[in-house]
Amino acid sequence: MKIPAELNGQKIIFEAKADEMLLNVLRREKCLSAKLGCGNGICGSCTILLNGAPVPSCKIPAGTIKDQKIQTLEYFTKTEIYTDIIKGFTKAGIKLCGFRNAGKIFTAMHIILSKTKPDRNIIEEEVKHLSLCCTDTNTLIDGIIYACDIHSKR
């Protein structure tokens, strides 16, 4: 099946079965930041932005993405908000391991863009589903708070 969509700012036509995991389609397109982790959409390894919202690509059937905008971490790393997130994470002492980065980074982006000065409880609720293999919850919350502060000064 041919599926038109926008991937990382470029119009593209995916070749995929309607019920195939979007994650597999993206990996064929060399978008390797989306990784298979739990396969249940909760660990954060396969997180992408679909029309600007973080979603687990392992739970999205390719047939549902027609004319949608998809952004992977490869593309997102070129944005100012990514730079703010990385600065915040660095200030908190987070050393990203490479495996579940997309979940942490896209969740931080979502918090930064949807909340005005979120408190620890709000952030904890937003990150509680992530599997944190290279940091702990409190440090991630600190990193997001720092990133919010950095971003708010732009």
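Let me begin with a term: a residue is called exposed when its relative accessible area is over 50%, and buried when that area is under 20%. Partly exposed is anything in between. Keep that in mind. One more thing before we start: this is a predicted model.

First, the sheet. Five strands make it up, and it is open. The order is β2-β1-β5-β3-β4, with mixed pairing. At the edges sit β2, residues 10-15, and β4, residues 53-56. Each of those two pairs on one side only. From one strand to the next, the twist averages 40°.

Let's walk across it. Start with β1, residues 2-7, which pairs with β2. That pairing is antiparallel and has six bridges. Look for isoleucine 3: opposite it, in β2, stands phenylalanine 14. The two strands form a hairpin, with two residues between them. Asparagine 8 is in that turn, and its phi is positive, about 50°.

Now go to the other neighbour. β1 and β5 run parallel and pair over two bridges. Here leucine 7 has isoleucine 70 of β5 as its bridge partner.

At the far end, β3 covers residues 47-50 and meets β4. These two are antiparallel, joined by four bridges. Leucine 49 faces proline 54 of β4. A helix lies over this part: α4 crosses β3, β4 and β5, at about 40° to β3.

Next, helix α3. It runs from residue 80 to residue 92, which makes 13 residues. From first C-alpha to last it reaches 19 Å, close to the expected 18 Å. Which residues of α3 are buried? They are Ile81, Tyr82, Asp84, Ile85, Gly88 and Phe89. Viewed down the axis of α3, these buried residues fall within an arc of 160°, so they line one face of the helix. The general rule helps here. An α-helix has 3.6 residues a turn, so residues three or four places apart point the same way.

What covers that buried side? The cover includes α2 (73-76), α4 (101-114) and α6 (137-152). Now turn the helix round. The face away from the buried side carries exposed residues: Glu80, Thr90 and Lys91. After the helix comes glycine 93, with a positive phi near 90°.

Last topic: salt bridges. The count is six. Let me show you three of them.

Glutamate 80 takes us back to α3. Its partner is arginine 154, with the closest N and O atoms 3.6 Å apart. Arginine 154 lies in the segment after α6 and glutamate 80 in helix α3, so the pair ties together parts 74 residues apart in sequence. Are these two residues buried or exposed? Both arginine 154 and glutamate 80 are exposed. There is also a network here: salt bridges link Glu80, Asp84 and Arg154. Recall that Asp84 is among the buried residues of α3.

Second, arginine 28 and glutamate 20. Their side chains meet at 2.5 Å, N to O, in a salt bridge. Arginine 28 is partly exposed, at 43% relative accessibility. Glutamate 20 is at 16%, and therefore counts as buried.

Third, lysine 128 and glutamate 125. In this salt bridge the closest N and O atoms are 2.7 Å apart. Lysine 128 is exposed, with a relative accessible area of 57%. Glutamate 125, at 47%, counts as partly exposed.

That's the tour. Thank you.

Conventions:
Residues numbered from 1 in each chain as written. Predicted model: local features only at pLDDT ≥ 70, side-chain atom pairs only at ≥ 80, totals over all residues. Heavy atoms only, no water. Expected span 1.5 Å × (residues − 1). Buried < 20%, exposed > 50% of the residue type's maximum accessible area, 1.4 Å probe, protein only. Arc of directions from axis to C-beta. Contact = heavy atoms within 4.5 Å. Salt bridge = Lys/Arg side-chain N within 4 Å of Asp/Glu carboxyl O. Pairing = 2+ DSSP bridges. Axes fitted to C-alpha atoms, helices over the stretch in contact; angles between N-to-C directions.
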